[in-house]
Amino acid sequence: MTDDRRGLDHLMEQNETELGFLSAYGGVDDGANSDGEAVLSALKRFLTAGGVRCETVDSKLRFPFGSASATEDGCVFTAKGVHLPLVQSDLHASGFLRPELANDRSTVTVVLTMWTMDQRRFVERLVEHHAGA
């Protein structure tokens, strides 16, 4: 008999698209049990797969338009550019902590506490913006 049991991570990923709408109702403690190193690692894989040149210097991930580092709260992500394609509401979904968007939209800093479709879309928009600049 084969072992059909699956890990919690696999089940959460599998159901992410089906249950993602629940984050709109709040009640999620984004700071609880966040693994900054895991989010940073996922971010690096995502950027690299998208063709973004990355390097790690003193445990800080650097890429052409910003940087990221793991903390006890999650992964601090910073991006810089001209008129970043963001508004404040983009940073208030589940998995985003302490967002700061400059008034001129030249810099954004946020703690990523999760690595879900919301965070991937957020980073993807910034990658596309940087590639088009």
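Here is a short conversation about helix H3 and the salt bridges in this predicted model.

Reader: Let's start with helix H3; how far apart are its end C-alpha atoms?

Author: Helix H3 covers residues 117-132, which makes 16 residues. At 1.5 Å a residue, a span of 22 Å is expected. The model agrees with that expectation, as the end C-alpha atoms of H3 are apart by 22 Å.

Reader: Thanks! Which residues of H3 are buried?

Author: To count as buried, a residue needs a relative accessible area under 20%. In H3, the buried residues are Gln119, Phe122, Val123, Leu126 and Val127.

Reader: And how wide an arc do those residues cover around the axis?

Author: The buried residues Gln119, Phe122, Val123, Leu126 and Val127 sit on the same side of H3. That placement follows because the arc they cover around the axis is only 135 degrees.

Reader: What do the buried residues of H3 pack against?

Author: Happy to go through the partners. One of them is a helix, H2 (36-49). The others are strands: S4 (75-80), S5 (96-101) and S6 (107-112). So the full list, as the contacts within 4.5 Å give it, is H2, S4, S5 and S6.

Reader: Which exposed residues are on the face of H3 turned away from its buried side?

Author: Exposed here asks for a relative accessible area over 50%. On the face turned away from the buried side, the exposed residues are Glu128, Ala131 and Gly132.

Reader: Now the charges: which residue forms a salt bridge with Arg125?

Author: Side chains of opposite charge can pair when their charged atoms come close. For Arg125, the closest N and O atoms of the pair are 3.0 Å apart. Arg125 lies in helix H3 and its partner in the loop between S4 and S5, so the pair ties together parts 35 residues apart in sequence. That partner is Asp90.

Reader: Is Arg125 buried, partly exposed or exposed?

Author: Partly exposed residues fall between the cut-offs of 20% and 50%. Since Arg125 has a relative accessibility of 33%, it counts as partly exposed.

Reader: Where do Asp118 and Arg121 lie?

Author: The side chains of Asp118 and Arg121 meet in a salt bridge, at 3.3 Å from N to O. The two residues are 3 apart, about one turn of the helix. Both lie in helix H3.

Reader: Last one: which residue meets Asp73 in a salt bridge?

Author: Asp73 is in the loop between strand S3 (66-70) and S4, and its partner is in strand S5, 25 residues apart. The N to O distance is 2.6 Å. The partner has a relative accessible area of 47%, so it is partly exposed. It is Arg98.

Methods
Residues numbered from 1 in each chain as written. Predicted model: local features only at pLDDT ≥ 70, side-chain atom pairs only at ≥ 80, totals over all residues. Heavy atoms only, no water. Helix = DSSP H or I, 4+ residues; strand = E, 2+ residues; numbered from the N terminus. Expected span 1.5 Å × (residues − 1). Buried < 20%, exposed > 50% of the residue type's maximum accessible area, 1.4 Å probe, protein only. Arc of directions from axis to C-beta. Salt bridge = Lys/Arg side-chain N within 4 Å of Asp/Glu carboxyl O.
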